[in-house]
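Biologist: Could you take me through the reading of a model such as this one, feature by feature, giving the general idea before the particular case?

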Amino acid sequence: DVRRKVLARDNHKCTICGSDEKIEVHHIVSVRDGGMMDFGNLAAVCFKCHRERKDEATDKNKAIHSKRS
């Protein structure tokens with residue numbers, strides 16, 4: 001299961017703020033924008049970071065990508 005692998009890879013912690021509470025799996029590139037349900041397009045994020053305002057989404061995704069490199 002991809003979700004379990006993503007959570008394990010990210011140590012069950014938010015890749016944005018480091019929290020280990022209410023962790024969800026986030027599509028870095030949304031499905032609506034052509035993102036896929038694959039390992040490289042998913043990241044663990046906490047509920048709070050996942051629900052941040054939409055206008056901050058681009059900056060959050062850049063933060064996720066920069067931590068992956």
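## Reading the features

Modeller: Let us start with exposure: Arg 51 has a relative accessibility of 48% and so counts as partly exposed, given that buried means under 20% relative accessible area, exposed over 50% and partly exposed in between, with a 1.4 Å probe and protein chains only. This is a predicted model, in which local features need pLDDT of at least 70 and side-chain atom pairs count only at pLDDT 80 or more, whereas totals for chains, interfaces and linings use all residues. Residues are numbered from 1 along each chain as its sequence is written, and side-chain values use heavy atoms, with hydrogens and water left out.

Biologist: Which elements make up the chain, and in what order do they run from the N terminus?

Modeller: Helices (H or I, at least four residues) and strands (E, at least two) are read as DSSP runs and numbered from the N terminus. On that reading the chain has 3 helices and 2 strands, and their order from the N terminus is α-β-β-α-α. Of the 69 residues in the chain, 30% are buried.

Biologist: How many salt bridges does the model hold?

Modeller: The criterion is a distance one: a side-chain nitrogen of Lys or Arg must lie within 4 Å of a carboxyl oxygen of Asp or Glu. The count by this rule is 2 salt bridges. One of them joins the side chains of Arg 9 and Asp 10, with 3.0 Å from N to O; Asp 10 is buried at a relative accessible area of 8%, while Arg 9, at 27%, is partly exposed. There is also a salt bridge between the side chains of Arg 51 and Glu 24, again given as 3.0 Å from N to O. Because Arg 51 lies in the loop between α2 (47–50) and α3 (57–68) and Glu 24 lies in strand β1 (residues 23–27), this pair ties together parts that are 27 residues apart in sequence.

Biologist: What else does Glu 24 touch, apart from residues up to four places away in sequence?

Modeller: Contact means heavy atoms within 4.5 Å, and on that basis Glu 24 touches Leu 7, Ala 43, Ala 44, Val 45, Phe 47, His 50 and Arg 51, once residues up to four places away in sequence are set aside. Glu 24 counts as buried, at 19% relative accessibility. A polar contact asks for a pair of N or O atoms within 3.5 Å, where within protein one must be able to donate a hydrogen and the other to accept it, and where residues adjacent in sequence count only if both atoms are side-chain atoms. The side chain of Glu 24 makes such a contact with the side chain of His 50 at 2.3 Å, and one with the side chain of Arg 51 at 3.0 Å.

Biologist: Why is there no disulfide between Cys 46 and Cys 49?

Modeller: A disulfide is a covalent bond between the sulfur atoms of two cysteines, and the test for one is a pair of cysteine sulfur atoms within 2.5 Å. The structure holds 0 disulfides. The closest cysteine sulfur to that of Cys 46 belongs to Cys 49 and is 3.6 Å away, which is too far for a bond. Both residues are buried, Cys 46 at 5% relative accessibility and Cys 49 at 10%.

Biologist: Which residues form the largest nonpolar core?

Modeller: A nonpolar core is a set of buried Ala, Val, Leu, Ile, Met, Phe, Trp, Tyr and Cys residues joined through side-chain atoms within 4.5 Å. The largest one has 11 residues, namely Val 6, Leu 7, Cys 14, Ile 16, Ile 23, Val 25, Leu 42, Ala 44, Val 45, Cys 46 and Cys 49. At least two residues of this core come from each of α1 (2–9), β1 and β2 (42–46), and β2 supplies the largest share, with 4 residues.

Biologist: Where do Asn 11 and Lys 22 lie?

Modeller: Backbone torsions deserve a look here, since Asn 11 has a phi near 55°, a positive value in a residue other than glycine, and Lys 22, also not a glycine, has a positive phi of about 50°. Asn 11 is placed in the loop between α1 and β1, as is Lys 22. Asn 11 is exposed at 56% relative accessible area, and Lys 22 is exposed at 66%.
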